[in-house]
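User: I am just starting out with protein structures. Could you take me on a close look at the core and the pockets of this one?

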Amino acid sequence: MPVKDAGGKAIFEKDAQAARWIEHFTSLLNRPPPTNPPEILEARRDLPINCDTPSHREIVDAIKQLNQGKAVGPDLIPPEALKADVDTTATFLCPLFAKVWTSGKYPIDWKEGHLVKIPKKGDLSRPNRRSFQQSTS
């Protein structure tokens, strides 16, 4: 779909499209501040948020909430394996999570994920029978 200039005319050249995007976002983002900004009141109290390292109980609860039957991630550990003995799993994970929590550094593999395209049910190699029967009758 082509990009349109300020007048609504289509632009097909890539350089002109890029220039138009720059123009659009410059005008959109570089506006003067509002003349009467909204009054944002200070919070009456701080929310009770626990910022300590995750406890053994929290890790156990998180493991129990994992969905069974889901595909494994890059570590190749299915949720069912982690849930087989929740207390032992949490005991092993607790020091790891505490180290990650305090250092702020985590394994690069934790950012990795796999996307797999899964077709809908049915044979996709042949046309839909219903639409084929309707078109021939």
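**The core and the pockets beside it**

Analyst: Let's begin with the largest nonpolar core, which has 6 residues in all: Ile 59, Val 60, Ile 63, Val 86, Ala 90 and Cys 94. Keep in mind that this is a predicted model. Two helices, H2 and H4, each supply at least two residues of this core.

Now pick out one core member, Ile 63. Which residues does Ile 63 touch, once its neighbours within four places in sequence are left aside? They are Leu 82, Lys 83, Val 86, Thr 89, Ala 90 and Leu 93. Of these contacts, Val 86 and Ala 90 also belong to the core.

Next come the pockets. The largest has a volume of about 410 Å³, and 14 residues line it. Helix H2 (56-64) and helix H4 (86-103) are the elements that give two or more residues to this lining. Nearest the centre of the pocket lie Asp 75, Leu 82, Leu 93, Phe 97 and Trp 110. Sorted by class, the lining holds 11 nonpolar, 1 polar and 2 charged residues.

The second largest pocket has a volume of about 150 Å³. Its lining includes Leu 66, Asn 67, Lys 70 and Pro 78, and it divides into 7 nonpolar, 2 polar and 2 charged residues.

Finally, try finding Asp 75 and Leu 82 on your screen. Both line the largest pocket, and both also line the second largest pocket. Leu 82 is, in addition, one of the contacts of Ile 63, a residue of the core where we started.

Technical notes:
Residues are numbered from 1 along each chain as its sequence is written. This is a predicted model: local features need pLDDT of at least 70, side-chain atom pairs count only at pLDDT 80 or more; totals for chains, interfaces and linings use all residues. Side-chain values use heavy atoms; hydrogens and water are left out. On a 1 Å grid over the protein atoms alone, a cavity is a set of points where a 1.4 Å probe fits but cannot get out, and a pocket is an open set with protein on both sides within 12 Å along at least five of seven lines; lining residues have an atom within 4 Å of a point. Grid points are joined across faces, edges and corners, and a volume is the space filled by probe spheres set on the points. Helices (H or I, at least four residues) and strands (E, at least two) are DSSP runs, numbered from the N terminus. Ala, Val, Leu, Ile, Met, Phe, Trp, Tyr, Cys and Pro count as nonpolar, Asp, Glu, Lys and Arg as charged, and the others, Gly among them, as polar. A nonpolar core is a set of buried Ala, Val, Leu, Ile, Met, Phe, Trp, Tyr and Cys residues joined through side-chain atoms within 4.5 Å. Buried means under 20% relative accessible area, exposed over 50%, partly exposed in between (1.4 Å probe, protein chains only). Contact means heavy atoms within 4.5 Å.
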